[in-house]
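Hi everyone, thanks for coming. Let's take a short tour together, and please have the picture open while I talk.

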Amino acid sequence: AIFHKCLNQGSLTTGRSLNLPAEAHTHQKINSFSSQFYPLLSKTFAEKQSVKNFSRKTVHQKKEEQSLPYSGKDLIEHLKSRGAYAQSTCNDFKFKEKDRLYIGFDPTAEKLHLGNLIGIINALRCAAYGLEPVFVIGGATGLIGDPSGKSKERPQMSESMVSQNTNNIACLVKKVVETIINSPDYQKLLNSLHSSPKTPSYLIVNNKDFYNNLNIIDFLRNVGTNLRMGQLLSRDTVKNRLNTDEGLSLTEFMYQSFQAYDFYRLYTDYNVKLQLGGSDQWGNMLAGLELINKLKAEKLKQDNKCNHNSNNIEKDGVMNMTFPLITTSCGKKLGKSEGNSISICDEDPNKMFQYLFKIADVDLEHLFLKFTFLPKEEIHCIISKHMSNPESRYGQKKLAENILFNYCQEHKIQQCMFNSENFYVQELNHSFFLNSSKVTLGKESFEGKQLSQFLQNQKVVPSKSHLRRLIESKSVKINNVLVTEDKILEVEKDLIKGEYILIQTGKTKKHVFQCAPHI
């Protein structure tokens, strides 16, 4: 029902249907909706695929493929310039025309969040350099639960809930990807890189299809024997959990084995050469390289194409790459189960807008670089205009507008912007007014007064030097905006609606000053 609703609303189309894997030697487009998202369910393809046969043939093309015009160094330099690169298993690599990358999302929630959005954006940055992205929805791994970054085991979800979440996320990924690749900013990036740019194609795959006909005995015999316990136990995620009272269950421990098998299947079935993920996934990702290396070497050995010690994983360009996790100004991860997550939800974008509207000024530039495809020069202009009048929240509004554009209807964004000032004041009223001292003053007490003079007059600080030390330690805020200098106050500019100014000195000292013109 969810799928048909999405189709009726036009959020899914068959214009960018999924292709069958290259191993099937076909580029026939599948127009049925179920096959579009789950091509491995095709009976014909299933008959050709033996999940018990782990000695698959590597994907070969009928003719020699040409290398892409840009090298791995070019891609990495671009990612670094946007704050989107953490590490990789190889820094100097070459890919060919039909090579692909993949990034996965486990359906542990109904919606995606900002951390997932940055993954989609980074995959599309790679697509601009020629690597076709495959977006893998974890219909299987979502039933297990990734232990990475978790202090205790995730609550198990029912199969029906995981299935429903998988469908929702598949719809949302398609919508976000289509919006971005057809956006003016992304097209500008393509035009800057290619003389005859083409909009990238992409695939969406459910990894549950990899396990439909696979039993646990075959999995342990063919996958388990190629993954060494010493390496699995050395992963930080495993070591950290083993040292806690909670410990680590066998189910969680096996997660990296399933993720490794996903990469192997994507490598053999879809010609995926690069696995992309957040930096917290590094350990799980290494298991995939290990598995591909072992099984590929075994196959080549059987075919008399290599000796016992052959290891040509680097020759074939299979590798991992990670991007930094997006964190708040206090260093907390923006994740869907960390207590401060904001879901991507078109039905009610106000929560996301208000969250971004309150982003600290110091975070604006790096968030623009990571979450948008705006050229650096345009970002610098936005930041410059914002800093000329930080109280206007111009930078925060532009950031929210650009992020919501990826999945939200235009009229809803405009409504959010129209309501932004009222929401901001309401939020401040709720969290600030109730826990602060309040003083009513005449207009002459504010206008043209230096901040240090004003605060001394109101006995908030004892001296100008004391305020300077507070400012240097980033402990002074006006209307929830960090103060960087001993500024001159202006009623029109600094007072909310010309009536209130909210001043915070330190973590707990909050003051509300009301301007009453007739006093």
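Let me begin with a question: in which helix do Glu 401 and Lys 398 both lie, and how many residues apart are they? The helix is H17, which covers residues 394-404, and the two are three residues apart, about one turn of the helix. Before we go on, please keep in mind that this is a predicted model.

So, what do these two side chains do? Glu 401 and Lys 398 meet in a salt bridge, at 3.8 Å from N to O. Glu 401 is partly exposed, because its relative accessibility is 21%. Lys 398 also counts as partly exposed, at 23%.

Searching the whole structure gives seven salt bridges, and I'd like to show you two others. Please find helix H12, where Asp 269 and Arg 265 both lie, four residues apart, again about one turn of the helix. These two form a salt bridge whose closest N and O atoms are 2.9 Å apart. Are they buried or exposed? Asp 269 has a relative accessible area of 0%, so it is buried. Arg 265 has 2%, so it is buried as well.

The other bridge joins Lys 487 and Asp 494, with 2.7 Å from N to O. Here Asp 494 is buried, with a relative accessible area of 1%. Lys 487 has a relative accessibility of 15%, and it counts as buried because the cut-off is under 20%.

Now for a charged residue without such a partner. Asp 361 sits in the loop between helix H14 (350-357) and helix H15 (364-371). Asp 361 is buried yet has no salt bridge. Why does Arg 393, the nearest side chain of opposite charge, not count as a salt-bridge partner? Arg 393 is 4.5 Å away, and a salt bridge needs the nitrogen and oxygen to be within 4 Å, so the pair does not qualify. What the side chain of Asp 361 does make is a polar contact with the side chain of Gln 396, at 2.8 Å. If we set aside residues up to four places away in sequence, Asp 361 touches His 386, Pro 390, Arg 393, Gln 396 and Val 481.

Let's turn to the aromatic rings. A pair of aromatic rings is described by the distance of the centres and the angle of the planes. How many aromatic pairs does a search of the whole structure find? The count is twelve. One of them is Phe 219 with Phe 258, a stacked pair with 4.8 Å centre to centre and 15° between the planes. Phe 219 belongs to helix H8 (residues 216-222) and Phe 258 to helix H12 (residues 255-270), so this pair ties together parts that are 39 residues apart in sequence. Both of these Phe residues are buried.

Compare that with Phe 454 and Phe 513, which form an edge-to-face pair: 5.0 Å centre to centre, with 80° between the planes. Phe 454 is in helix H19 (residues 451-457) and Phe 513 is in strand E11 (residues 509-515), so the pair ties together parts that are 59 residues apart in sequence. Phe 454 is buried at a relative accessible area of 1%, and Phe 513 counts as buried at 2%. Going back to the stacked pair for a moment, Phe 219 and Phe 258 form one aromatic cluster with Tyr 211 and Tyr 261.

Next, a look at the backbone. Most residues other than glycine have a negative phi. Asn 271 has a phi near 60°, a positive value. You'll find Asn 271 in the loop between H12 and strand E5 (272-278), and it is buried, with a relative accessible area of 5%. Lys 459 also has a positive phi, near 60°, and lies in the loop between H19 and helix H20 (464-472). Lys 459, though, is exposed, with a relative accessible area of 73%.

I'll finish with the cysteines. A disulfide is a covalent bond between the sulfur atoms of two cysteines. How many disulfides does a search of the whole structure find? The answer is zero. Cys 126 counts as buried, at 0% relative accessibility, while Cys 381 is exposed, with a relative accessible area of 54%. Thanks for listening!

Conventions
Residues numbered from 1 in each chain as written. Predicted model: local features only at pLDDT ≥ 70, side-chain atom pairs only at ≥ 80, totals over all residues. Heavy atoms only, no water. Buried < 20%, exposed > 50% of the residue type's maximum accessible area, 1.4 Å probe, protein only. Lys, Arg positive; Asp, Glu negative; His and termini not counted. Polar contact = N/O pair within 3.5 Å; in protein donor to acceptor, adjacent residues only side chain to side chain. Contact = heavy atoms within 4.5 Å. Disulfide = S-S within 2.5 Å. Phe/Tyr/Trp six-rings, centres within 6.5 Å; stacked < 30°, edge-to-face > 60°.
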